[in-house]
Amino acid sequence: MANEAVPIPPDLTAALRAGRRVVVLSGAGISAESGVPTFRDAQTGHWARFRPEDLATPEAFRRNPKLVWDWYAARRAQLQRVTPNPGHHALVQMERRLPHFLIATQNVDGLHARAGSRQVLELHGNITRTKCFTENLLVDAWTDGPETPPKCPRCGGWLRPDVVWFNEMLPAAIFEEGQAASARCEVFLSVGTSALVYPAASLPLEALRAGAVLVEINPQPTPLTPHATHFLCGPSGQVLPALVRAAWPDAHPESAQ
Ligand code: BJW
């Protein structure tokens, strides 16, 4: 893993200081330093222990709704024990200094908002929300009965987390906003994502096609790396604060303030 010494390209620092339009695509890696497991990292990722087709598809939920509900309930409980890390905080500092700044996150953990980021598109939903599997409507409250998952108070269907599983469409308006912002931005940061899951992984490519500088921040190369203008190799909890400090030396990017 790279460390604090990761060199920050001067043209990138200058672009940030000049207030260029910035879009960030974040993935599970940005929350790794908060203690939230990624999906595809060997040993520690969810998919090292479980098969996605058993837990993260509508078919899996139909087959074994209790298994899927319990897995998400355990992840929700774990999220209550973690806090945003310096990578999340650095993006808050960036947003405060840039007139056009947007985070499109694949994460369902809500940590960007908890850190204080305001312009956040949740492409894959949010694990703390619950909706009806039958009618797709959000549900705020329900009565726990003998069965798991609990039932929708309106129609009696199963309840499920409001996240996007494989073979499901992303929320259309949210994804379209991400696409439009990507096509307009001047700097695109792809942070902590394996860039394997579509359509989210198409956003950096759209930005590049439209002429943006593409910056990837990740301790490992990904399929996006050969396309990146700059590959800043290292954990986002170190690289993002270093980037903010290089652009705005008066900033204190590690903290929540
Ligand atoms: C660090 C770090 C540190 C570590 N600092 N970095 C064949 C080809 C192309 C596409 C498809 C295909 N077959 C099927 C598809 C479509 C499919 C897809 O893309 N599949 C690919 C896997 C092949 N996509 C879909 O199904 C999507 N819907 C769709 O396409 O709709 C149209 C359609 C409708 C009907 C039928 C068919 C199509 C929906 C995708 C939904 C993804 N859902 C999940 C679960 C969400 C809920 C939950 O949390 O449980 O989203 S899967 C999982 O992957 C999760 C993530 O958001 C997503 C992306 O993962 P991410 O964030 O990149 O994490 P990792 O673990 O992969 O990577 C972590 C990275 O961090 C690594 O690079 C590390 O190195 C790095 N890292 N520590 C910085 N400290």
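1. The protein chain is assigned two domains. Domain 1 is made of three stretches, 3–36, 84–124 and 170–247, while domain 2 combines 45–80 with 131–163. The model under discussion is predicted, and the remarks below should be read accordingly.

2. As to the placement of the two domains, the centres of domain 1 and domain 2, taken over C-alpha atoms, are 29 Å apart. Contact between them involves six residues on the side of domain 1 and five on the side of domain 2.

3. The area buried between domain 1 and domain 2 is about 420 Å², and carbon and sulfur atoms account for 55% of it. On the side of domain 1 that touches domain 2, the residues divide into two nonpolar, two polar and two charged.

4. Which polar links join the domains? Two residue pairs are in polar contact between domain 1 and domain 2, both at pLDDT 80 or more. Salt bridges across this interface number zero under the rule applied.

5. The ligand has 34 residues around it, and those that come nearest are R40, Y72, R75, T193 and S194.

6. Several polar approaches to the ligand may be noted individually. The side chain of E33 places an N or O atom 2.8 Å from a nitrogen atom of the ligand. R75 has a polar side-chain atom 2.7 Å from an oxygen atom of the ligand. In S236 a backbone N or O atom is involved, at 2.9 Å from a ligand nitrogen atom. Of the 1,500 Å² of accessible area that the ligand has on its own, 76% is covered by the protein.

Conventions: Residues are numbered from 1 along each chain as its sequence is written. This is a predicted model: local features need pLDDT of at least 70, side-chain atom pairs count only at pLDDT 80 or more; totals for chains, interfaces and linings use all residues. Side-chain values use heavy atoms; hydrogens and water are left out. Domain bounds come from an automatic or database domain assignment. Contact means heavy atoms within 4.5 Å. Buried area is the accessible area (1.4 Å probe) that two parts lose on being put together, summed over both. A salt bridge is a side-chain nitrogen of Lys or Arg within 4 Å of a carboxyl oxygen of Asp or Glu. A polar contact is a pair of N or O atoms within 3.5 Å; within protein, one must be able to donate a hydrogen and the other to accept it, and residues adjacent in sequence count only if both atoms are side-chain atoms. Ala, Val, Leu, Ile, Met, Phe, Trp, Tyr, Cys and Pro count as nonpolar, Asp, Glu, Lys and Arg as charged, and the others, Gly among them, as polar. A residue is near a molecule or strand if one of its heavy atoms lies within 4 Å of it. Accessible areas come from the Shrake-Rupley method with a 1.4 Å probe; for residues, only the protein chains shown count as cover.
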